[in-house]
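Here are some short exercises to work through with the model open beside you. Try each task before you read its solution.

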Amino acid sequence: MLDDNTFVEELNRIYDVLLHYALNLNGDDELAFELLQRTIVRAYIKRSTYICDSNFAAWIKTIMRNLFVDTNVSVETLKKITDKDHVL
């Protein structure tokens with residue numbers, strides 16, 4: 001498991017890469033920053049699942065991509081349900 005210091009060091013090392021990745025995923029500065037923050041929190045909570053000496057950037061990018069997909073699927077599902085409710 002990553003200790004707190006190592007987690008912060010690894011995160012600081014790739015922070016700009018993660019922000020760029022978040023921007024590429026959704027194209028909106030505010031949403032990208034929100035996604036980045038949610039990713040950091042999720043990664044910190046799940047840091048016990050990280051395999052030491054593996055690729056930290058790949059691990060946390062996977063978390064970010066999964067959060068992005070989960071959020072977008074939820075939003076799209078909600079839109080479909082809402083649209084169906086408004087059809088007369």
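**Exercise 1.** Decide whether Thr39 is buried or exposed, and find what surrounds it.

*Solution.* Start with the accessibility in this predicted model: Thr39 has a relative accessible area of 0%. Buried means under 20%, so Thr39 is buried. Next, place Thr39 in the fold: it is found in helix H2. Finally, leave aside the neighbours within four places in sequence, and the contacts of Thr39 are Ile60, Ile63, Met64 and Leu67.

**Exercise 2.** Work out which residues touch the most other members of the largest nonpolar core, and which elements build that core.

*Solution.* The core has 20 residues, and Leu18, Phe56, Trp59 and Ile60 touch the most other members. Helix H1 (4–26), H2 and H3 each give two or more residues to this core. H3 supplies the largest share, eight residues. Now look at Phe56 in particular: beyond its neighbours within four places in sequence, Phe56 is in contact with Leu2, Phe7, Glu10, Leu11, Ile14 and Tyr50. As background, nonpolar side chains in soluble globular proteins tend to be buried together.

**Exercise 3.** Find the salt bridges, and classify each partner as buried, partly exposed or exposed.

*Solution.* The count comes to two salt bridges.

- Step one: Arg47 and Asp4 pair through their side chains, at 3.4 Å from N to O. This pair links distant parts of the chain, 43 residues apart, with Arg47 in the loop between H2 and H3 and Asp4 in helix H1. Arg47 has a relative accessible area of 15%, so it is buried. Asp4, at 40%, counts as partly exposed.
- Step two: Glu10 pairs with Arg13, and their closest N and O atoms are 2.6 Å apart. Both lie in helix H1, three residues apart, about one turn of the helix. Glu10 is partly exposed at 22%. Arg13 has a relative accessible area of 55%, and because exposed means over 50%, Arg13 is exposed.

**Exercise 4.** Describe the largest pocket: how much space does it hold, and which residues line it?

*Solution.* Begin with the volume: about 170 Å³ of space lies in the largest pocket. Then list the lining, which consists of Asn26, Leu31, Glu34, Leu35, Arg38, Phe68, Thr71, Asn72 and Val75. Helix H2 (29–45) and helix H3 (56–86) are the elements that give two or more residues to this lining. Last, sort by class: four of the lining residues are nonpolar, three polar and two charged.

Technical notes
Residues are numbered from 1 along each chain as its sequence is written. This is a predicted model: local features need pLDDT of at least 70, side-chain atom pairs count only at pLDDT 80 or more; totals for chains, interfaces and linings use all residues. Side-chain values use heavy atoms; hydrogens and water are left out. On a 1 Å grid over the protein atoms alone, a cavity is a set of points where a 1.4 Å probe fits but cannot get out, and a pocket is an open set with protein on both sides within 12 Å along at least five of seven lines; lining residues have an atom within 4 Å of a point. Grid points are joined across faces, edges and corners, and a volume is the space filled by probe spheres set on the points. Helices (H or I, at least four residues) and strands (E, at least two) are DSSP runs, numbered from the N terminus. Ala, Val, Leu, Ile, Met, Phe, Trp, Tyr, Cys and Pro count as nonpolar, Asp, Glu, Lys and Arg as charged, and the others, Gly among them, as polar. Buried means under 20% relative accessible area, exposed over 50%, partly exposed in between (1.4 Å probe, protein chains only). Contact means heavy atoms within 4.5 Å. A nonpolar core is a set of buried Ala, Val, Leu, Ile, Met, Phe, Trp, Tyr and Cys residues joined through side-chain atoms within 4.5 Å. A salt bridge is a side-chain nitrogen of Lys or Arg within 4 Å of a carboxyl oxygen of Asp or Glu.
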